[in-house]
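Thanks for making time for this. I would like to take you through one structure, starting with the chain as a whole and then moving to a few places that deserve a careful look.

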Amino acid sequence: MFPSGPAPWPSLRVLRALWALLVVLCAPWRLWAIQETQECTWQVVLNHLDSVGKNDAIDHFVDQKLYTVDKVFDLLVEAPTDPDETYLGFPYYLKINYSCTGEVSSEALIRKGHLTGLKPVVLVTFQSPVNFRRWKIEQLQIQMEAAPFRSTERCDAEEVCLMSWYTPMPIKNGSVVMRVDVSSNGLGPFIPNKRFHVNINGFLERPREHELQFTVGNELFHLIPRYFVNVPSRPLWYTVDQTPVLILGGIPEEKAILLTDTNFKDFFLVELSIDSCWVGSFYCPQANFTATIYDAIATESTLFIRQNQLIYYFTGTYTTLYESNHGSGEGWVRVLANECIKRLCPVHFHSNGSEYVMALTAGKNKGYVHFGTITDGLVSFELLPRHQSVCSAILVSDHLAVLYTIPEFIPDARGLEFLMILGTESYTNVPMVPKGMSYNPFNNLLLIWGNFLLQSFNNENFIYLADFPKELSIKYLVNSFRGDMAIVTENEEIWYLLEGSYQVYQLFPSKAWEVYINLQVLQQSSLYGPNETMVTLFYEDNKLYQLVYLIDNQQGRLVKRLMPVEQLLMYREISDKYVLEQQGSHLTLSFSNFCPFTVMRLQELPNPQIYTRQERYRAQPPRVLEPWGFHSENSLAVYQGLVYYLLRLHSKYDKPYADPVHDPTWRWWKNKKQDQDYYFYLASNWRSAGSVHVDMTSYEKIYDLKAEKELPERIFLDKGTSYSFSVFLTARKSEVQHAGPSFQVLSPVDLAVVLADPDCIEAMVKEKILVNRNSVLFWVTLSDKRSCFDQGISGHHLMKTSMLIKVLGSSGHCFQNTNQGPRMQSNLMVPVLIGCPPGKRLAFDITYTMQYNRVQNKHYFDCVTVDPEMPCFLFRDIFYPFFLIQDLVTGDSGSFQGSYVLKVVGGGPTLDTIKEYSEEEIYRFNSPLDKTGSLIWTTENTTTTEDLAFNIMSHNSSGIEWLCLENSPCHDTVPHNIFAPEFFFKVLVSNRGVDESTYCDYQLTFLLHIHGLPLSARRAFLILLVSASLFVGLVILYIVCCLLSPYMVKVCNILRWKINSIIGLESYYTYSTPSDSRAFSHSGTVSWRSSRLNSRCLGLKLIVKDFEWQQLSTV
């Protein structure tokens, strides 16, 4: 058995009880005050939108599709929301409660908190994606206030029995890892802040109307003791800060793994659906077959395992990461099937938009490494070195260099804590047995370990840490990458090392551990038991955690618990540094405190956002018109839609044309601000539609976050920028030290600043000794030296380095008591990222460009069809472009004062016909050296790039003159209507290689609409000829018409007279009298002829009379 606590459980002997009592008595009085208060803690679970209001509902983040909430927004007829917009909702809510120690029920406590004004504040932090080529690198947060909601289950009370608080759980494209920090609004009971991990699980699926099931295998529901008891612990491997799902193998004789999407707050035991082949051969000998999964590595979207000599991987379904589904729908994929793999190793950090793993070979390919690359879930392996193995290359080739030759035997330190390996030291007869290496890219710390521990910060000078006993052998290291690490040996001992120091501390087993265990027994803690086995050890949020298998009353369970490093070091100090002094007739305990200071405070910290690059939005739930303030499902749906639209505005804000107001939320309310008082009037009189009031000021971007009296999580430095703060220390010793005849006061405490890359960054420390307060104030300034980074795109290819602040002589001795337990002081490590910080961009300042062009050209003519999003510029006017540097984090927006190169890289007469130009065409259309008559534009500015290929522009340039020469694409543009031709230019602006004021490689591509282009001489002459011909033809036609008009009138009159005559004749026949008809019938043929002759005479008389009337009319 490999216990993480004493086994078997010891009886409370007198000595150990005295030690425990001693620790309690020596605790500061502040801790007593804290213990008297009721201890409360937040509880957060994920609820699907169909589970809202159900008490015991707990869901996992599987669904990644949004749903529409337009129906509830249609009810808001008199609200500032836009009815023409589409509002979507997220598939999950965060359900928030809290519980406290004591006999009072949690339901009563929650109701009391609601009635006293408690409202949880939730801060969701989205982790930046790995692939920066697909997604924008940004540090995004959204702060939401939780909304109270009654339980939908049966309740006999008049108002409420059970209630909880809810907030939407937002999703962001490119992010699958989310941190949820819950805090109080300051009202109600005191509840410490707490962090939760809510990650998307791409290895679960929900078939229609079925429960969740795994795509990687089948879930096992029983934790059999043989899976964990007497089983060695194993490391937890994953890509740091990027992995939503963690996996852990090592279960004996089972092809099963532990899988979690909440950092082992809860977990699943899954039997994998792999083929479990055993491929043995003469070049890959296998002693026996086992089903055990030995190596397991988790990345952002892909899981890797090793069983025997075979490697498998499985890619999860993450629609928020990929444009199409890259999931392994057909199961696990076996790779390197013809290779003999003896070990699968992780690469802890991603780089260049990809993640990596390494497969170490044996057998015929011994000495080679299969280097795996994971990009957007697609996996590929490359054999390295490409030509020959490492073993042969070291002997026969000069291409590979020996980094360091490990000594054959362990050095003899002769009582020292550490020893510099120079080659002149003496050695013991114990051979060095190396087992692994570990590298921290932030401080360049290389560790080589086995039955020894070697460290180096420059890969040249190695230091042997003698505090680690050579009788032990290290099994694996757990690095926090924030200045400390844990060491696990083959016999399950746990050791601790602070980077920058040379002392290694034994945490377990130790006397301090026994004291801590006894105190936990007194408190009846459920996290400790007499029979326990450590499964793994890992860091989470800079704290060390254990995953332990406990057996209580013949029942086994897995428990995640905090490894109390600070408390163990404190107990170690108390147990080792005490003396008994005689005072009168009795003995008293006296303790020696080796911490050189009593107070350590960080002061004058700048506002963090400019250095941490954290963008933060704030959203509050809509106000509900309900007496008790409880929300309904409709109001929660409105909350979902508002949070979605706020994040949508954030994603849409990255556009080339700068808005008049530098804020993503400006467009949301710009047309509704004048009606804000009216909406407030409706809400105040309980007349808001849908019983919901949307306050426009509740959805905004925060630019003025204040420092929290501690160093930030990370610092981004641009070219020549600096970060300054001060450290206040009160010395423990009160003696005033001085030196020399001038009585120069010496500092009672010393502060050191350790830089990982002193060639790239520098630190200046100034001190002020406050004699009357026995204190020292240190001003620290960290600056970039402008020497270690070329230009890069915002957030891309940043250089990792770090700064370590330490008080000399204080490592492992100084602690600060807080309401969450002791916290180690004196060693403050801050990662520093050098390059172009995320959240900076170049934008086309269309507002000032139009104003300046109007002043310089004395006029401004827009297109006939006005587009407010893309105004036009006249071809014959000189064009003066201006650009802005916008900081999306701090809200700063100022004119770009640097130099840049402007190129036309595409264009077309319409938006649908825009084409991209080739490199050769870009050169011909933009270079002042072009001799082919293809230039599109020119400028009077004579500054060019080093190769004279392109003009260098700046904000002081003389402007651009449009040419559109004969061989350019905009020459002789055919107009599509009666107005002058138009052309859309696709313009690229970049400062790369021409601006030395920043590390940022600003690249802006935007469309420029130019109208009034001239026609070519030939086309203009042709149009003139056709126009003139048409004009002359129309004039001639007009003259002919004027000359012939009298004759035409006369002809028309005659024609009309004939028509009238015909009409009159027909009328005569129609209106003949009945007597004539009878005469015609009785007179026979002769009578018929006579009547016809009479009718003709009568018609002739009518015609003659009508002609005479026409002549009179003419006269």
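What follows goes from overall figures to sheets, then to backbone details, and ends with a surface patch.

Please keep in mind throughout that this is a predicted model, and that every value I quote is computed from it.

Let me begin with the whole chain. The protein chain holds 16 helices and 68 strands, and of its 1115 residues 48% are buried. Its accessible surface comes to about 55,700 Å², with 55% of that area belonging to carbon and sulfur atoms. If we take the contacts between residues at least 6 apart in sequence, 65% of them join residues at least 24 apart.

Now to the first of two sheets. It is an open sheet of four strands in the order β1-β4-β8-β7, and the pairing is antiparallel. At its edges we find β1, residues 40-48, and β7, residues 147-150, each of which pairs on one side only. From one strand to the next, the twist averages 35°. As a general reminder, strands of a sheet pair through backbone hydrogen bonds, either parallel or antiparallel. Between β1 and β4, the latter covering residues 92-100, there are nine bridges, and the two strands run antiparallel; if you want a position at which to look at the register, Asn47 stands opposite Tyr93 in β4.

Which helices lie across β4, β7 and β8? One is α4, residues 106-115, which runs at about 105° to β4. Another is α9, residues 633-652, which also lies across β4, β7 and β8 and runs at about 30° to β8.

The second sheet is likewise open, and it has five strands in the order β27-β32-β31-β30-β29, paired in antiparallel fashion. Its edge strands are β27, residues 418-420, and β29, residues 434-440; each has a single partner strand, so one side of each is left without a neighbour in the sheet. Ignoring direction, neighbouring strands here are turned by 20° against each other on average. At the β29 edge, six bridges join β29 to the antiparallel strand β30, residues 445-450, and there Tyr439 stands opposite Leu446 in β30.

Let me turn to the backbone. Most residues other than glycine have a negative phi, and most peptide bonds are trans, so exceptions are worth listing one by one.

Two cis peptide bonds come up here. A cis bond joins Leu384 and Pro385, with omega about -10°, and Pro385 sits in the loop that connects β25, residues 378-384, with α5, residues 390-396. The bond from Phe508 to Pro509 is also cis, with omega near -10°, and Pro509 belongs to the loop between β36, residues 504-508, and α6, residues 511-522.

As for phi, Asn308 has a positive value of about 60° although it is not a glycine, and its place is the loop between β19, residues 302-307, and β20, residues 310-315. Asp541 is also a residue other than glycine with a positive phi, in this case near 55°, and it lies in the loop between β37, residues 532-540, and β38, residues 543-552.

Are these two loop residues, Asn308 and Asp541, buried or partly exposed? Asn308 has a relative accessible area of 4% and therefore counts as buried, whereas Asp541, at 31% relative accessibility, counts as partly exposed.

A further loop residue is Asn263, found between β16, residues 256-260, and β17, residues 268-272. Asn263 counts as buried because its relative accessibility is 11%, which falls under the 20% cut-off. What does Asn263 touch, once its neighbours within four places in sequence are left aside? The contacts are His197, Asn199, Leu246, Phe538, Glu540 and Lys560.

Last, the surface. A nonpolar surface patch of about 1,100 Å² is made by residues including Phe1031, Val1035, Ile1039, Leu1043, Tyr1047 and Met1048. Met1048 is placed in helix α14, residues 1017-1070, and at 46% relative accessibility it counts as partly exposed.

To close with the sheets, then: the order is β1-β4-β8-β7 in one and β27-β32-β31-β30-β29 in the other, and both descriptions rest on a predicted model.

Terms used: Residues numbered from 1 in each chain as written. Predicted model: local features only at pLDDT ≥ 70, side-chain atom pairs only at ≥ 80, totals over all residues. Heavy atoms only, no water. Pairing = 2+ DSSP bridges. Axes fitted to C-alpha atoms, helices over the stretch in contact; angles between N-to-C directions. Contact = heavy atoms within 4.5 Å. Patch = residues over 30% accessible without salt bridge, like charges linked within 9 Å, V, L, I, M, F, W, Y side chains within 5 Å. Areas by Shrake-Rupley, 256 points an atom, 1.4 Å probe, with all protein chains shown as cover. Salt bridge = Lys/Arg side-chain N within 4 Å of Asp/Glu carboxyl O. Buried < 20%, exposed > 50% of the residue type's maximum accessible area, 1.4 Å probe, protein only.
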